[in-house]
Amino acid sequence: MFDALIIGGGAAGMSCALVLGSAKNKAFAADKKVGIITHQKTSHLQTAVFNNVLGLAPKTTGDSILESGKTQLATLYPHIEQIEGEKVLKISQPDDRFTVTTNKNAYHSKLVVIAVGYTNLMTIKGLDQYIESHPR
C-alpha cells in the first residue's frame, strides 16, 4: 500500500518524485511510502535532442535526461520505489483507496498523481471522464 503513487516517468513525474522524496525528513512525510511507475515510452523527451539549453551540453538527448533522472532519484531518495517495465492500464477507486492496474501487477494507494504529458496515447481506463482535448 502506497501513500502516494505517481504515474508517469517523464519530466513531470520524475520532478514530482524528487519533490516528494525531498520531504522525507518533514514530520508530515515521516513513514510515508511513495512510488513512481517510470514507464517512459510515451514521454515527449524520449526522442528530443537539446542543442541550446543552458547547462546542457549540445546534442544532449531526452532519453539520456530520463535515464539520468531515474539515477538521480535513486541516489538522492532511495526510499522512493521506482517501478520499471510496467504500463498503467486502469485506475479504479473501489473504496477509500485507489487500485492501479498495470500490465504486470496491481498496486494500492491512498493518493495517485497523474503526471503524464499531453498525448493521444493516454489510454488509462478509469480516467476517461477527466480527459480534455489539448489545444494543440
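**Charged pairs and a buried threonine**

Biologist: What is the relative accessible area of Arg-97, and is the residue buried, partly exposed or exposed?
Modeller: This is a predicted model, and the class of a residue follows from its relative accessible area, since buried means under 20% and exposed means over 50%. Arg-97 falls between these two cut-offs and therefore counts as partly exposed, with a value of 28%.

Biologist: Which residue meets the side chain of Arg-97 in a salt bridge?
Modeller: The pair is joined N to O at 3.7 Å, and a salt bridge requires these atoms to lie within 4 Å. The partner is itself partly exposed, with a relative accessible area of 39%. The residue that meets Arg-97 is Asp-95.

Biologist: How many salt bridges does a search of the whole structure find?
Modeller: The bridge between Arg-97 and Asp-95 is one example, and another joins the side chains of Lys-70 and Glu-67 at 3.1 Å. When the whole structure is searched, the number of salt bridges found is 5.

Biologist: In which helix do Lys-70 and Glu-67 both lie?
Modeller: The two residues stand 3 residues apart, which is about one turn of the helix. Glu-67 is partly exposed at 39% relative accessible area, whereas Lys-70 counts as buried at 10%. The element that holds both of them spans residues 62-76 and is helix H2.

Biologist: Which residue is linked with Glu-67 and Lys-70 in a network of salt bridges?
Modeller: Lys-70 forms a salt bridge with a residue whose closest O atom is 3.1 Å from the lysine N atom. This pair links distant parts of the chain, 14 residues apart, with the partner in the loop between strand E5 (81-83) and strand E6 (88-92) and Lys-70 in helix H2. The partner is partly exposed, with a relative accessible area of 49%. The residue that joins the network is Glu-84.

Biologist: Is Thr-60 buried or exposed?
Modeller: Thr-60 lies in strand E4, which covers residues 60-61. Its relative accessible area is 15%, and because buried means under 20%, Thr-60 counts as buried.

Biologist: Which residue has the backbone oxygen that the side chain of Thr-60 reaches?
Modeller: Not counting residues up to four places away in sequence, Thr-60 touches Ala-48, Val-49, Phe-50 and Ile-65. The side chain of Thr-60 also reaches a backbone oxygen at 2.5 Å, and that oxygen belongs to Ala-57.

Terms used:
Residues numbered from 1 in each chain as written. Predicted model: local features only at pLDDT ≥ 70, side-chain atom pairs only at ≥ 80, totals over all residues. Heavy atoms only, no water. Helix = DSSP H or I, 4+ residues; strand = E, 2+ residues; numbered from the N terminus. Buried < 20%, exposed > 50% of the residue type's maximum accessible area, 1.4 Å probe, protein only. Polar contact = N/O pair within 3.5 Å; in protein donor to acceptor, adjacent residues only side chain to side chain. Contact = heavy atoms within 4.5 Å.
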